[in-house]
Amino acid sequence: MIDSIVYRQMAAKDIEDVVATETEVFTTPWSAEVFAHELTGNDYATYIVAECENEVIGHVGMWVILDECHITNVAVRKHRQGLGIGEALMRQAMELCRNNGVTAMSLEVRVSNETAKNLYRKLGFQEGGIRKNYYSDDHEDALVMWVEL
Ligand SMILES: CC(C)(COP(=O)(O)OP(=O)(O)OC[C@H]1O[C@@H](n2cnc3c(N)ncnc32)[C@H](O)[C@@H]1OP(=O)(O)O)[C@@H](O)C(=O)NCCC(=O)NCCS
């Protein structure tokens with residue numbers, strides 16, 4: 001773990017760093033416009049970022065509707081992966097949800113993404129169904145995972 005990381009709600013000034021992370025780790029990254037809309041035009045959305053030495057190096061997004069949360073994306077800059085930041089971001093999201101009366105959290109993950117699946121299993125997520133051809137770029141299947149909070 002790195003000690004000097006601050007976890008806080010995402011702001012408009014973070015969009016550039018967040019998109020840089022997305023572009024580095026995802027084949028279909030979300031754009032600056034999408035994040036701008038998420039921050040200002042989506043009442044259901046909350047984003048938490050991890051900041052280290054004035055740079056945002058990871059983020060997690062969630063849509064909360066009544067007592068259910070759906071994780072939209074979680075990502076950490078490549079050079080900061082494997083240091084506990086992804087886990088800490090997910091724990092922050094889970095804590096925030098618990099404090100707001102959310103009882104269940106779900107997400108989709110590429111069936112081949114063993115790193116992310118390990119992270120979610122570590123946090124108590126169980127495997128649900130498969131969404132066939134879920135990802136638009138290569139039609140990989142998604143595994144749905146969920147946890148009771
Ligand atoms: C998935 C991701 C967010 C994990 O964040 P991270 O900061 O690298 O992971 P952490 O250091 O917090 O590790 C937490 C757990 O994840 C799993 N994990 C992390 N790196 C792993 C690896 N290289 N291989 C296998 N499991 C791994 C382990 O269970 C680990 O717990 P442990 O350290 O007790 O073994 C990050 O790797 C990432 O951004 N990947 C690309 C984007 C992505 O795939 N996002 C998920 C989309 S569903």
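These are my notebook entries on a predicted model, covering one helix, its salt bridges, the ligand site and a few single residues.

**Helix α3**

I started with α3, which runs over residues 85-99 and so has 15 residues. From its first C-alpha to its last I get 21 Å, close to the 21 Å expected at 1.5 Å a residue. Next I listed the buried residues of α3: Ile-85, Gly-86, Glu-87, Ala-88, Leu-89, Met-90, Ala-93, Met-94 and Cys-97. I also looked at what comes after the helix. Gly-101 follows α3, and its phi is positive, near 80°.

Arg-91 is in α3 too. It counts as partly exposed, at 43% relative accessibility. I checked Arg-91 against Leu-123: the two are 32 residues apart in sequence, and their C-alpha atoms are 7.9 Å apart in space.

**Salt bridges**

How many salt bridges does a search of the whole structure find? I get 15. The general idea is simple: side chains of opposite charge can pair when their charged atoms come close. I went through a few of them one at a time.

Lys-122 and Glu-87 come up with their side chains in a salt bridge, 2.7 Å from N to O. Lys-122 belongs to helix α4 (residues 114-122) and Glu-87 to helix α3, so this pair ties together parts that are 35 residues apart in sequence. I had Glu-87 down among the buried residues of α3, whereas Lys-122 is exposed at 54% relative accessibility. The cut-off for exposed is over 50%.

Glu-95 and Arg-98 make a salt bridge within one helix. Their side chains meet at 3.6 Å, N to O. Both residues are in α3, three residues apart, which is about one turn of the helix. Glu-95 is partly exposed with a relative accessible area of 40%, and Arg-98 is also partly exposed, at 41%.

Then I turned to Glu-108 and Arg-131, where the closest N and O atoms of the salt bridge are 3.1 Å apart. This pair links distant parts of the chain, with Glu-108 in strand β5 (residues 104-110) and Arg-131 in strand β6 (residues 126-131), 23 residues apart. Is Glu-108 buried or exposed? Glu-108 is buried, with a relative accessible area of 18%; the cut-off for buried is under 20%. Its partner Arg-131 is partly exposed at 40%.

I also noted a network: Arg-8, Lys-13, Asp-14 and Glu-51 are joined into one by salt bridges that share partners.

**Ligand site**

Which residues are the closest to the ligand? Val-74, Gly-84, Gly-86, Asn-113 and Lys-122 are, out of 21 residues that surround the ligand. Lys-122 is thus a name I already had from the salt bridge with Glu-87, and Gly-86 is on my list of buried residues in α3.

I then looked up backbone atoms of the protein beside polar atoms of the ligand. For Val-74, a backbone N or O atom lies 2.8 Å from a ligand nitrogen. For Leu-83, a backbone N or O atom lies 3.1 Å from a ligand oxygen. For Gly-84, the distance from a backbone N or O atom to an oxygen atom of the ligand is 2.7 Å. Taken alone, the ligand exposes 930 Å², and the protein buries 70% of that.

**Single residues**

Asn-73 sits in strand β4 (residues 68-76) and is buried at 6% relative accessibility. Its side chain has a polar contact of 3.2 Å with the side chain of Glu-22, and another of 2.8 Å with the side chain of Thr-72. Leaving out residues up to four places away in sequence, Asn-73 touches Glu-22, Phe-26, Trp-30, Phe-35, Tyr-47, His-59, Val-60 and Gly-61.

Thr-21 is in helix α1 (residues 15-25) and is buried, with a relative accessible area of 0%. Beyond its neighbours within four places in sequence, I find Thr-21 in contact with Val-56, Ile-57, His-59, Ala-75, Val-76 and Arg-77. His-59 also turned up in the list for Asn-73. Thr-21 and Cys-52 are 31 residues apart in sequence, with 14 Å between their C-alpha atoms.

Last, Glu-140. I found this residue in the loop between β6 and β7 (142-148), buried with a relative accessible area of 15%. Not counting residues up to four places away in sequence, Glu-140 touches Arg-110, Val-111, Ser-112, Asn-133, Tyr-134 and Tyr-135.

Definitions and conventions. Residues are numbered from 1 along each chain as its sequence is written. Side-chain values use heavy atoms; hydrogens and water are left out. Helices (H or I, at least four residues) and strands (E, at least two) are DSSP runs, numbered from the N terminus. The expected span of a helix is 1.5 Å times one less than its number of residues. Buried means under 20% relative accessible area, exposed over 50%, partly exposed in between (1.4 Å probe, protein chains only). A salt bridge is a side-chain nitrogen of Lys or Arg within 4 Å of a carboxyl oxygen of Asp or Glu. A residue is near a molecule or strand if one of its heavy atoms lies within 4 Å of it. A polar contact is a pair of N or O atoms within 3.5 Å; within protein, one must be able to donate a hydrogen and the other to accept it, and residues adjacent in sequence count only if both atoms are side-chain atoms. Accessible areas come from the Shrake-Rupley method with a 1.4 Å probe; for residues, only the protein chains shown count as cover. Contact means heavy atoms within 4.5 Å.
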